[in-house]
Every structure is written in structure tokens, then in C-alpha cells.
There are 2 protein chains.
Amino acid sequence: MRVLLTGGAGYIGSHTALVLLEQGHEVVVVDNLSNGNRVALDRVEELTGKTITFVQADLTHAGATRMALAGIDFEAVVHFAGLKAVGESVDQPVRYYRTNLASTLTLLDLLEERGITRLVFSSSATVYGEPQTPLIAETHRTGVGLTNPYGWSKYMNEQIIRDAAATRPDMSAVLLRYFNPVGAHPSGRIGEDPAGIPNNLLPFIAQVAVGRRQQLAVFGNDYDTVDGTGVRDYIHVMDLAEGHVAALNHATCGVQTYNLGSGVGTSVLEAVRAFEEVSGRPVPYQISARRNGDLATVVADPQLAKAKLDWQTTRTFTEACRDAWNWQSQNPTGYEQTIKVVIGTPGLQRTADLTSKPR
Amino acid sequence: MRVLLTGGAGYIGSHTALVLLEQGHEVVVVDNLSNGNRVALDRVEELTGKTITFVQADLTHAGATRMALAGIDFEAVVHFAGLKAVGESVDQPVRYYRTNLASTLTLLDLLEERGITRLVFSSSATVYGEPQTPLIAETHRTGVGLTNPYGWSKYMNEQIIRDAAATRPDMSAVLLRYFNPVGAHPSGRIGEDPAGIPNNLLPFIAQVAVGRRQQLAVFGNDYDTVDGTGVRDYIHVMDLAEGHVAALNHATCGVQTYNLGSGVGTSVLEAVRAFEEVSGRPVPYQISARRNGDLATVVADPQLAKAKLDWQTTRTFTEACRDAWNWQSQNPTGYEQTIKVVIGTPGLQRTADLTSKPR
């Protein structure tokens with residue numbers, strides 16, 4: 001199968017590209033490189049010994065995207081592209097809505113124009129809002145109590161895809177609601193490289209362990225949980241990547257929705273201890289006040305994906321920490337970019353390697 | 001006050017333009033004329049003896065809109081622009097989402113760039129989904145049980161505006177949830193001119209009465225209502241227009257939400273009889289099966305707008321029928337466009353009047 005990955009140069013996209021290539025599929029990546037990094041794809045090619053077709057384009061520009069993808073065939077799409085920083089979305093709502101909604105609309109038109117029927121969408125457990133039950137199943141209500149434009153944009157995109165799919169009876173759309181992706185490929189060659197201050201717990205912990213940040217702020221230790229700190233469901237990014245391939249393999253007509261989570265809850269302090277153990281480094285932290293909108297416990301019920309996609313997580317949180325640490329210690333400042341400059345006329349060329357930090 | 005009306009050449013926009021001009025405000029209209037009609041604005045100018053600044057631009061194109069509005073000042077915006085045919089939205093969801101969401105995003109950026117703080121948005125009672133109470137107040141839940149992309153796009157736009165307003169403490173955004181606008185200006189010079197088959201009851205009835213359509217289909221006569229047919233809250237478009245001016249006059253910082261409705265329910269058969277009476281024409285109808293998603297009764301609780309905006313409806317449903325009939329019988333095929341062609345060189349000109357039907 002030839003699969004287009006939008007936002008395929010990002011954290012989850014690059015790991016999914018790797019798993020697809022390893023399973024014998026072909027991969028086309030379209031990315032505007034606003035958060036993704038071309039080097040991640042170079043490394044995926046290195047790791048797999050296969051090549052990726054890369055197209056730099058911004059999906060919010062329909063015409064430019066159509067032109068950039070002209071003549072490039074694919075049979076299915078995994079739609080990762082979108083902005084994802086929760087705090088930033090509160091400060092820049094219009095930018096978040098435009099980017100995340102317009103990219104989906106461009107893609108849906110493109111799929112219809114080309115008669116492509118298979119779509120997998122990167123949604124988020126954030127669409128569930130405040131959990132009504134300890135384990136969250138796909139039947140849990142959505143769209144109530146969402147606290148930021150990032151979450152709203154995921155919720156809106158789910159609805160837009162449902163409505164678009166309703167007009168195409170042959171379409172298969174799979175909405176994957178991620179819990180908290182963590183870890184990295186065990187090689188340590190690809191991993192999460194957040195721009196600026198990490199939004200998510202594990203990259204932050206990793207940056208503290210590696211000495212890039214002083215300490216971790218723990219928001220609240222008086223929740224009704226095992227040690228008072230917030231409990232979340234962390235999923236190893238390689239498990240998550242495999243979940244996408246399972247979704248592509250088990251696509252059926254209509255719209256399906258699946259949680260991609262481990263079903264296991266881990267508290268902030270448990271995460272700190274696990275990371276200290278695998279890294280052998282201290283992770284200093286300070287307890288601060290609760291953040292508005294934060295919840296005590298958010299854990300996936302992963303049964304539906306197990307039953308219908310024949311997929312479940314196989315990697316532990318400790319393995320995720322080990323792999324995240326492996327990535328972070330090998331790449332303390334994230335990706336470094338090797339720019340090959342070709343000098344001279346055809347037939348008489350020298351290649352110079354310049355190493356720079358892309359951001 | 002100088003007020004920009006997006007979609008101001010449409011049904012509600014043109015009536016609001018008229019009321020604003022009559023109250024001494026200045027009006028700028030931006031419209032792509034996809035559904036609106038330039039003739040409506042000519043007639044508003046005729047009726048008021050005042051001029052409107054008209055800009056033809058498509059708000060879904062941010063750059064083009066910015067250029068088209070360059071050098072044109074305004075202090076407040078009423079945002080009517082958007083596609084509004086419920087059935088069409090089910091068939092063309094991507095087009096509906098793109099048009100209705102992108103236009104709002106363009107506008108929000110424009111307001112921020114220019115430091116404009118006052119926005120009134122055309123929302124709809126459709127955001128309430130299935131009513132949980134006989135009278136719907138603004139506190140009624142929203143976003144549950146919406147049945148079409150049109151309704152979803154209104155719901156999404158409300159959220160987008162709320163999130164954008166949260167980043168601008170000086171902003172005043174008013175979300176007006178319309179019930180069912182009907183009627184026309186009493187002059188019969190402006191009114192509702194739906195493209196194609198009317199989506200709404202009263203224009204359909206009017207077209208049957210005037211002989212343009214054979215009969216009315218009544219969807220269901222076994223609802224738990226006065227005569228078994230669906231009961232809705234109809235609001236005279238002149239009352240609705242005055243509601244917008246009240247919202248502009250009573251703007252305060254933050255986001256406010258108001259129902260614009262009459263608080264009175266009218267059944268389909270009551271509407272038929274009222275229209276037969278004012279028109280003196282028969283309105284043949286046939287009972288058909290219920291439509292999916294249709295509800296027995298949807299009536300506004302109009303108290304909040306009365307208390308906070310000092311506004312309430314003053315026109316009856318019978319007056320709305322009379323005014324709709326006056327419009328329909330004077331303009332049996334809607335707007336006719338007079339194109340003035342100026343021939344010759346300056347100083348030596350003749351004017352020819354060509355009458356054509358714009359659509």
C-alpha cells in the first residue's frame with residue numbers, strides 16, 4: 001500500500017513512517033516543516049534502508065497542496081498535520097483553528113477529487129473533556145468541558161470528517177484518539193523534538209534529566225490518586241505507530257473511532273521515578289498549584305481497538321522512559337541537520353557537509 | 001457608528017442595513033453576492049435616501065478581503081456571511097465548513113489587526129439541538145444532537161469567537177441565536193429571495209400562494225402539538241434587524257449570547273391558514289412522513305434579550321405573513337436587476353436600462 005502521511009516529519013508521523021516501511025508499504029510525506037523536521041525522515045530512511053517521497057507543502061493552502069502533490073499517487077492517508085501545543089492554542093486560537101481545520105478540509109477535497117477512500121485521522125483523548133468514568137471508552141461523551149482550542153479543533157475535525165464521510169458511502173475513515181504518546185524508536189535515532197518549552201510531561205522530564213532545564217513543576221499533589229499527582233495513560237510511540245498500521249489494515253466502510261492507549265495509569269511522581277531509574281540522573285521537581293482544567297485521572301479503555309483492530313500496546317512505561325532517555329542523551333538538543341551543499345557544475349561537483357541546528 | 005455588515009446583501013443583512021441607516025448609522029457591506037443581491041442594497045438606499053459603501057469580496061480569501069477593505073474604516077461588525085441551506089450542507093459538508101469557518105477566521109484576524117472590538121455574530125437556535133424544555137433559554141445545552149453541517153458550523157463558529165475574544169479583554173462579542181426569520185420590510189421592496197427551492201416554510205408557502213409552486217409538503221401531522229404539525233418560533237425580520245441594532249447599542253466587554261425569537265409558537269397548519277388569509281389565495285398542501293431530525297416544538301425563551309438589550313418583538317406572525325405576501329406579490333420572481341449601461345465618452349453619454357434576472 002502507498003500511504004500519504006500529512007505531518008509525516010513530526011514525532012508520531014516519523015515513527016509511523018518507519019513502521020509502514022518496515023512492513024513493506026510505501027510512504028509519501030507531506031509536511032510544511034513548521035514543527036516537523038526533514039532530518040527525522042533522513043534517519044527513517046537510514047534505519048529502514050528505504051526511501052520516502054517527501055513533499056514540502058502547507059495543507060492550509062489548498063491550491064499549493066494540490067499542485068505539490070500532482071502526479072504523486074497514494075491509496076490511503078494518515079492525517080497527522082496540525083498544531084498541537086495546548087497552551088499556545090489558548091493564546092493563538094485563530095491560528096490554531098485555521099491551521100487544524102483548513103488542513104483537514106483541503107485533504108477531504110483532495111481525497112474526493114482523487115477517489116481515495118481510506119483516511120486515518122490523528123484525534124486525541126482530549127475530545128472526551130472531563131472523564132465521567134475511571135476508564136474512558138469510545139462511547140464516552142465528547143465535546144463537553146473542552147478547555148482549549150487545540151482540543152476543540154480535534155473535536156471539530158472529527159465532526160467534519162464524519163459529515164464528509166457520510167457523503168461518500170465507499171469511504172473508510174478511522175478516528176484515532178491518542179492518549180499520551182511517549183518514548184522513541186529504540187535506536188535513539190528518532191524521537192520527540194519539541195520546539196521551545198515542551199508541553200508534555202516526558203519530554204520535559206527528559207530535558208531536566210539531561211540538564212537542559214533546571215527542574216520540573218508538578219501541578220498539584222492533592223488529587224485523589226495514588227500519590228496525589230495527576231494520573232495519565234502513556235503510550236509508547238512505537239505502539240502508537242503500530243496502531244495506525246492496524247487501523248489501515250482493518251479499515252471498513254464508514255467511520256470508526258478507537259482509543260489508542262495502554263489502559264494503564266501512571267502518576268507524575270511515578271513517571272519521575274521511572275525516568276530517574278532508567279537515566280541514572282536526578283529529576284528535581286517542585287510542587288506547584290493545580291492548573292485550571294487539569295483532571296485527576298485520564299486512562300483509556302483500550303478494549304475496542306484490541307477487539308476490532310487486533311492491536312494492543314506491548315511496551316511498558318519503563319521501556320518508553322528508557323527509549324526516551326536513549327533518544328534524549330544521544331540527541332541532547334534534538335535533531336541536528338546535515339545540509340549537503342553541492343558546489344560546481346554537473347559532472348564536476350564537490351559535496352560539503354555543514355551541520356546546523358534547524359531551530 | 002460605522003458598521004460593517006458581512007453578507008449584508010442577503011435577507012437579514014439588507015433589513016439590518018436599512019434599520020441601521022434609519023437610526024443614523026453608516027453602513028459598509030461586504031458580500032461575495034453568492035446568495036445576496038446587489039439590488040437589495042439599491043432598494044435599501046432608495047427606501048432610506050442614504051448610501052451604502054459596498055465592497056464585493058469573498059471572506060474565505062483572507063488576502064483578497066484585506067485588500068478589498070483597505071482604507072475603509074468601521075467601528076463594529078455584524079457577521080452575517082455564510083451558507084445557510086440545511087439540506088445542501090448535508091450534501092456539501094466540506095464547502096459549508098470551509099465557507100462558514102474560514103470567513104469567521106478571516107474576520108477575527110481583521111478585527112484584531114485593526115483593533116476593532118465590537119462584533120455581533122449571526123448564530124442560530126439550531127445550536128441547541130433537541131430541546132430539553134418547552135421554552136429554550138440561552139442556558140440550554142448546545143452542541144448535542146445537531147443533525148447537519150450548517151448547524152455544526154454555527155456551533156463551531158460560536159466556540160471560535162469565544163476563544164478569540166478570550167485573548168482580547170477589550171473585545172465585545174455578541175452571539176445572536178436566531179429562531180425562524182420571516183416576513184419582509186412593509187414596503188415590499190426588500191424581502192427573502194431564496195435561490196432554488198426554499199428551505200424555509202414561509203418562502204415556500206409564499207411561492208405556492210403566488211403560483212410559483214404547486215403545493216406544500218407538510219412533514220408529519222402526528223407530533224404532540226396543537227394540530228399535530230411542527231411548531232416553531234417565527235420572528236419578523238424587522239424585529240430581528242432591530243435586535244442586531246440593540247445588540248450593537250448594548251455591547252459590553254466579553255461574550256454575550258442572546259436568543260432572538262418571539263416566544264410564540266406557530267404550527268405549520270396555522271402558518272398555512274394565516275398566509276391564506278392575508279393573501280386571499282389558497283395554499284394547497286399534502287401531509288408527508290416526518291423528516292429525520294425534525295422536532296415537535298422549538299420556541300425561544302426571549303426574556304434575556306428583553307432584560308439586557310431592552311429589545312423584544314413587536315410584530316405578529318400575521319403581520320409577517322402580510323409583509324411576506326406584499327413582497328412576494330410585488331416581486332413574484334424575487335429581485336430583478338436593472339443594469340445601467342453607460343455608452344459614449346464622458347460629457348457625451350446615453351444611459352440604457354436593461355432589465356435582467358440576476359439568477
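Which residues is A:Leu33 in contact with, leaving aside its neighbours within four places in sequence? Select A:Leu33 to begin, and keep in mind that this is a predicted model. The contacts are A:Ala9, A:Arg38, A:Phe54 and A:Gln56.

**Stop 1: A:Leu33**

A:Leu33 sits in the chain A loop that runs between strand S2 (26-31) and helix H2 (38-48). Its relative accessibility is 24%, so A:Leu33 counts as partly exposed; the buried class ends at 20%. Add A:Gln56 to the selection: A:Leu33 and A:Gln56 are 23 residues apart in sequence, yet their C-alpha atoms are 7.2 Å apart in space. Now look at the backbone. A:Leu33 is not a glycine, but its phi is positive, at about 60°. Most residues other than glycine have a negative phi.

**Stop 2: strand S2 of chain A**

Step back along the chain to S2(A). Is this strand largely enclosed or open? Five of its six residues are buried, so S2(A) is largely enclosed by the rest of the structure.

Show S1 (residues 2-6) of chain A next. S1(A) and S2(A) run parallel and are joined by five bridges. One place to look is A:Val3, which stands opposite A:Val27 in S2(A). To get from S1(A) to S2(A), the chain passes through helix H1 (residues 11-22), and this β-α-β crossover is right-handed.

Then show strand S3 (residues 53-56) of chain A. S2(A) and S3(A) also run parallel, with four bridges between them. The path from S2(A) to S3(A) goes through H2(A), in a β-α-β crossover that is right-handed. Two pairs can be picked out here: A:Val29 stands opposite A:Phe54, and A:Val30 has A:Val55 as its bridge partner in S3(A). A:Phe54 is also one of the contacts of A:Leu33 from the opening selection.

**Stop 3: the largest cavity**

How many cavities of 30 Å³ or more does the structure hold? There are four. The largest has a volume of about 90 Å³. To frame this cavity, select its lining: A:Tyr11, A:Val182, A:Gly183, A:Glu192, A:Leu202, A:Pro203, A:Ala206, A:Ala324, A:Trp327 and A:Gln328. Colour helix H7 (201-209) and helix H11 (317-330) of chain A, since each supplies at least two residues of this lining. Colouring by class gives seven nonpolar, two polar and one charged residues around the largest cavity.

**Stop 4: the second largest cavity**

Move to chain B. The second largest cavity has a volume of about 80 Å³. Its lining consists of B:Tyr11, B:Val182, B:Gly183, B:Glu192, B:Leu202, B:Pro203, B:Ala206, B:Ala324, B:Trp327 and B:Gln328. Helices H7 (201-209) and H11 (317-330) of chain B each contribute at least two residues to the lining of this cavity. By class, this lining divides into seven nonpolar, two polar and one charged.

**Stop 5: B:Asp310**

Finish at B:Asp310, in the chain B loop between helix H10 (303-309) and H11. Is B:Asp310 buried or exposed? Its relative accessibility is 66%, so B:Asp310 counts as exposed. Check the backbone here as well: B:Asp310 has a positive phi of about 55°, although it is not a glycine.

Technical notes
Residues are numbered from 1 along each chain as its sequence is written. Chains are lettered from A and ligands numbered from 1 in the order in which they are written. This is a predicted model: local features need pLDDT of at least 70, side-chain atom pairs count only at pLDDT 80 or more; totals for chains, interfaces and linings use all residues. Side-chain values use heavy atoms; hydrogens and water are left out. Buried means under 20% relative accessible area, exposed over 50%, partly exposed in between (1.4 Å probe, protein chains only). Contact means heavy atoms within 4.5 Å. Two strands pair if DSSP finds at least two bridges between them. A crossover is right-handed if, with the strands pointing away from the viewer, the path from the first strand over the helix to the second runs clockwise. On a 1 Å grid over the protein atoms alone, a cavity is a set of points where a 1.4 Å probe fits but cannot get out, and a pocket is an open set with protein on both sides within 12 Å along at least five of seven lines; lining residues have an atom within 4 Å of a point. Grid points are joined across faces, edges and corners, and a volume is the space filled by probe spheres set on the points. Ala, Val, Leu, Ile, Met, Phe, Trp, Tyr, Cys and Pro count as nonpolar, Asp, Glu, Lys and Arg as charged, and the others, Gly among them, as polar.
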